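Got the viewer open? Let's take a walk through the aromatic rings, one selection at a time.

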Amino acid sequence: MKTLKVAIEGCCHGDLHNIYKGIPASTELLLICGDFQALRNKSDFQALNVPEKYRRLGDFQSYYTGEKKAPVLTIFIGGNHESSSYLQELKYGGWVAPNIYYLGEFGSIFYKGLSICGWSGIYNPHTYMNRPFDVERLPFDSRSIRSVYHQKLKNFLKMYLKRDADVVLSHDWPVGVEQYGNKAKLSKQKPFFTQDINKGQLGSPLNKVLLHHLKPRYWFSGHLHVKFEASVNHNKPQHKTKVQKNANEISLDMDSSDESSDGDTQNPKKPKPNGHVEHDTQFLALDKYGPRRSYLEVKEIPITESKAHPSMNSKELYYDKQAIAINRAIEKYAQDYKAEFESFEPRVVLRDQAQFRKFEPLVTKELEELNQMDDQKFIIPGNFKVVAPADYDGDLKYFQNNQTEEYCEKFGIPAPTF
């Protein structure tokens, strides 16, 4: 069986040099589970939600300018400590530097036959329940610099419509995943997790829904700065958890692992008639980079050769047609039927996703059109450009990104507005 040697890293926090040094030379792919911190210049500090004492450019700038090149193809999602304005410029994903690819707010790609899907940010009950459709705009204030990385209902919908992902990346954990691993060991390592575990509030209830709906072979996360493994058996009854009402956003001290509070449609998995799923989801969360920290793990991930994909024998990244179809369907609908789309009740949708089913035929229709295009059209172009000067230190502003413009034009997706 064909396998892909993949390194998984928890939270990056700008420490790219050391992370790359720790990866075996034979590694084919690096996945980073958030807090990447793609800071291009000092102006980007204005979009980074960290205490001032922790503000540093980190290693990324040297990869952005071309002084260094990532030695292994790197794919990442955003967390809650990011250069948020830069990631907004790449809403649908793109190269943040040569050989370093951001999946976007929601995204899915193929590499050598492996389907990798993910979404950025973290769950916050107040933002999700009350401000699900807002687009944060510059300049960020003390609220919007946080809410900009809070997950919104639209991207939850997009993730829910995705099918047949091999790997899912999220920054925060799915609520209840600790029940499938060594919970006692986790509580011993992080005693302050115990209260949230008992309340069913350790992690994201959105990710819990997605974990048991998507049932990927692998799910990787960061955020909580601890290594934790679990094997999620989808054939056992789920543990019931309450919808989070007043849980505070998790904000981790950048200098320690202590916690503080800051306020298909395409080849669908078909379970057997009795609901049986033939595989468990292997969940892995990892720490941030640091001495004596479990921040990196290398896995040999089998490629499902029965799902032949053009990327199987290629070194190129490929767009996932289904993800494009989802972006087309949802962004067009949200634009054309704005009032109807915004009538969704986030709390109701969190408990019951029945309202999402109306979008499935729209995605199917878009996918049928995309399937008429030549496979070569879905190779992700190496079209990275330095659009924000590395020496810029003025007021934070958006820079039009050629990658976003080309993606929207090529696939007929509404361009983002800021």
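What follows is a short tour of ring pairs, a ring cluster and two charges over rings in a predicted model.

Begin by selecting every Phe, Tyr and Trp. How many aromatic pairs does a search of the whole structure find? The count is 33.

Now narrow the selection to F60 and Y64. Their rings make a tilted pair, with 6.0 Å from centre to centre and 35° between the planes. Switch on the cartoon and you'll see where they come from: both belong to helix α2, which covers residues 60-64. They're four residues apart there, about one turn of the helix. Buried or exposed, F60? Its relative accessibility is 0%, so F60 counts as buried. Y64 comes in at a relative accessible area of 1%, so that residue is buried too, the cut-off being under 20%.

Next stop: F156 and F356. This pair is edge-to-face, 5.7 Å between centres with the planes at 70°. Both F156 and F356 are buried.

Keep those two and widen the selection. Ring pairs tie them into a cluster with W119, Y123, Y128, F133, Y160, Y333, Y337, F341, F344 and F359. Colour the whole set so you can trace it from ring to ring.

Stay with F359 and add K358: the lysine lies over the face of that ring, at 5.8 Å from the ring centre.

For the last stop, jump to R40 and Y86. Which part of R40 sits over the Y86 ring? Its charged end does, 4.0 Å from the ring centre.

Definitions and conventions: Residues are numbered from 1 along each chain as its sequence is written. This is a predicted model: local features need pLDDT of at least 70, side-chain atom pairs count only at pLDDT 80 or more; totals for chains, interfaces and linings use all residues. Side-chain values use heavy atoms; hydrogens and water are left out. Rings of Phe, Tyr and Trp (its six-membered ring) pair if their centres lie within 6.5 Å; planes under 30 degrees apart count as stacked, over 60 as edge-to-face and the rest as tilted. Helices (H or I, at least four residues) and strands (E, at least two) are DSSP runs, numbered from the N terminus. Buried means under 20% relative accessible area, exposed over 50%, partly exposed in between (1.4 Å probe, protein chains only). A charge sits over a ring if NZ of Lys or CZ of Arg is within 6 Å of the ring centre and within 35 degrees of the ring normal.
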